[in-house]
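Q: I have a model open in front of me and would like to learn how to read it. Could we go through some features together?

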Amino acid sequence: MTDTATAYLAERFLRQIQRAAAKAKQDVRAFCNTNSQSFDKLAKQANVQYNHFVRTSGPDHRFAVQHFWLMLKERGYIYESKHEGWYSVSDETFYPSSAVHLRLDPATGRKFMASQETGKEVEWVSETNYHFRMSALRDRLLEFYASSPQFVEPASRMQDVVQQVTDGLTDLSVSRPVARLSWGIPVPDDTSQTIYVWLDALVNYLTKANYPFQVPGQEHAAGWPADVHVIGKDIVRFHCIYWPAFLLALDLPLPKQILTHAHWTLAHEKMSKSKGNVVNPFYALERFGSDTMRYYLVHSGGIQDDSDYDNQYIIDRYKQLQGNLGNLVTRVVRGKGWSVRRAVTSGRTDDSPEGKAHVETLERLPSAVEHWLAKLHPGAAIKQVLAVVQQTNQYMQKSSPWDLSARTDGHGVPRGIIHLPTDQHIRKVDSIIYLCAESIRICGILLQPVMPQRMRHLLDLMGVDEGRRMFQDAVLGADREYGTPLVDVGKGREGVVFPPLASDY
């Protein structure tokens with residue numbers, strides 16, 4: 001329905017990788033190869049398609065990063081200096097003294113200094129390395145934010161970013177001594193230093209956009225600038241301050257927007273490997289299926305606030321789909337008192353007050369979905385669709401086409417004594433079924449990005465041609481050719497859009 005997303009794997013936690021590889025008694029590159037395969041496997045199991053799977057250890061990326069570094073240095077943004085400060089290995093960043101505090105580990109009683117922002121332990125480090133003149137970009141950053149007030153979503157995080165830059169920027173340490181960090185890209189003209197992991201990782205957005213071999217003025221042809229970056233709220237500073245500063249320094253286009261989402265919690269606590277309160281995504285996908293998990297994560301995932309993960313929540317959401325959308329499809333396609341194909345061919349909408357109101361609802365739906373997607377709130381867009389599904393069920397229940405169709409056999413042949421002309425009954429039934437069928441078709445098209453497999457089956461049941469399943473087709477009356485199922489409609493639980501789960505707990 002839309003352009004396929006580009007996925008990036010940034011091997012950015014370099015010191016952690018070194019330590020983990022040593023613990024596993026593996027060469028660092030071999031260790032990264034094994035881990036990267038897990039991410040690739042996860043994407044495939046979740047039915048996530050991407051244009052490029054970028055590893056920051058690739059030769060094209062190494063060339064891009066070193067070129068980027070040399071351009072920064074040529075413009076006077078890189079200089080060498082002694083650096084001292086509180087450094088977090090986990091976060092791969094330095095923190096000022098005002099951003100750290102003393103913490104106590106309740107399990108061991110050990111006291112340690114930690115980042116106020118992430119809670120990760122920090123250590124005092126003193127070393128000579130290279131710095132980026134980020135302080136020189138403060139005014140340009142503020143000008144950019146003012147001209148692009150929706151650069152960061154949601155607005156509350158945009159305000160936080162502006163406030164941080166307004167309060168002042170210090171120059172950024174952008175290299176580490178090889179003696180402390182050997183796994184990474186070396187500084188091109190000083191092999192005793194390794195390029196800072198976030199400068200390395202952020203440039204990967206440019207790597208597959210053919211940087212630095214882009215044609216001036218035609219950068220977008222290769223995919224840059226990005227329409228939107230999607231990141232977690234814990235890395236806002238790197239993407240929304242550091243990254244724009246790097247790009248401004250080289251007069252390169254900035255991404256159009258950055259969506260910063262909240263986190264998933266477990267039992268209302270932050271997930272942590274050390275605590276053991278984590279979710280294995282492979283197990284979840286195997287148990288519930290990719291479409292169910294995609295739907296749950298998009299529907300219930302938080303943009304502004306964290307969301308709590310629970311298997312029961314997933315089951316509840318799925319049952320809602322079964323009872324609403326699944327039941328609606330079954331009632332329409334398996335109905336014995338009408339013909340979906342005949343109703344679609346007639347293209348006649350119900351002229352009752354309820355029918356006219358439903359027509360207006362369907363006409364508004366595509367623009368409502370597009371509105372929320374443009375605002376980078378896919379969960380809100382889904383809820384618009386689900387509201388229409390619920391309204392369609394209510395409309396069908398109130399209209400009761402089965403009562404009208406009971407007077408004929410569904411093909412116009414009278415059954416017993418009737419009180420209205422048979423053709424009038426047929427037209428009324430067809431007008432109701434047509435609106436219900438259109439509701440299913442439009443909603444099925446709009447839900448494809450979230451549940452591609454289930455919606456493919458739904459549209460097959462409705463007989464919608466594969467070439468008529470794009471966003472522009474999700475308009476009332478846009479397709480008059482469907483109505484004959486492309487697959488067996490089944491009976492009972494067979495062939496339903498949302499089959500029963502293996503377990504309800």
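A: Happily! Let's start with a pair of helices in this predicted model. The crossing of helices α4 and α5 is left-handed.

Q: At what angle do α4 and α5 pack?
A: Look for residues 138-147, which form α4, and residues 155-166, which form α5. They pack at an angle of about 155°, and their axes are 10 Å apart. Angles over 145 degrees count as roughly antiparallel, and α4 and α5 are therefore roughly antiparallel to each other.

Q: Thanks! Now for salt bridges: what is the general idea, and how many salt bridges are there?
A: In general, side chains of opposite charge can pair when their charged atoms come close. In this model the count comes to 20 salt bridges. One of them is between the side chains of aspartate 60 and lysine 208, with 2.8 Å from N to O.

Q: Which parts does the pair of aspartate 60 and lysine 208 tie together?
A: Aspartate 60 belongs to helix α3 (residues 59-74), while lysine 208 sits in the loop between α6 (197-207) and β13 (229-232), so the pair ties together parts that are 148 residues apart in sequence.

Q: Are aspartate 60 and lysine 208 buried or exposed?
A: The answer lies in between. Aspartate 60 has 34% relative accessibility and counts as partly exposed. Lysine 208, at 32%, also counts as partly exposed.

Q: Where do arginine 441 and glutamate 438 lie?
A: Both are in helix α15 (residues 422-446), 3 residues apart, which is about one turn of the helix. Their side chains meet in a salt bridge at 2.7 Å, N to O. Arginine 441 and glutamate 438 are both buried. Elsewhere, Arg75, Arg140 and Asp251 are joined into one network by salt bridges that share partners.

Q: And how exposed are lysine 82 and glutamate 84?
A: Lysine 82 counts as exposed, at 56% relative accessibility, whereas glutamate 84, at 44%, counts as partly exposed. The side chains of these two residues meet in a salt bridge as well, at 3.9 Å from N to O.

Q: Let's finish with strands. How many bridges join β13 to β14?
A: A general idea helps here: in a regular strand the side chains alternate between the two faces of the sheet. In this model, 4 bridges join β13 to β14 (residues 258-261), and the two strands run parallel. To find the pairing on your screen, look for glycine 232, which stands opposite histidine 261 in β14.

Q: Which unit do β13, helix α7 and β14 make?
A: Together with α7 (residues 236-249), the strands β13 and β14 make a right-handed β-α-β unit.

Note on methods
Residues are numbered from 1 along each chain as its sequence is written. This is a predicted model: local features need pLDDT of at least 70, side-chain atom pairs count only at pLDDT 80 or more; totals for chains, interfaces and linings use all residues. Side-chain values use heavy atoms; hydrogens and water are left out. A salt bridge is a side-chain nitrogen of Lys or Arg within 4 Å of a carboxyl oxygen of Asp or Glu. Buried means under 20% relative accessible area, exposed over 50%, partly exposed in between (1.4 Å probe, protein chains only). Two strands pair if DSSP finds at least two bridges between them. A crossover is right-handed if, with the strands pointing away from the viewer, the path from the first strand over the helix to the second runs clockwise. Axes are lines fitted to C-alpha atoms, for helices over the stretch in contact, and angles run from 0 to 180 degrees between N-to-C directions. Angles under 35 degrees count as roughly parallel, over 145 as roughly antiparallel, 65 to 115 as roughly perpendicular and the rest as oblique. A crossing is left-handed if the near helix is turned anticlockwise from the far one by less than a right angle, and right-handed if clockwise.
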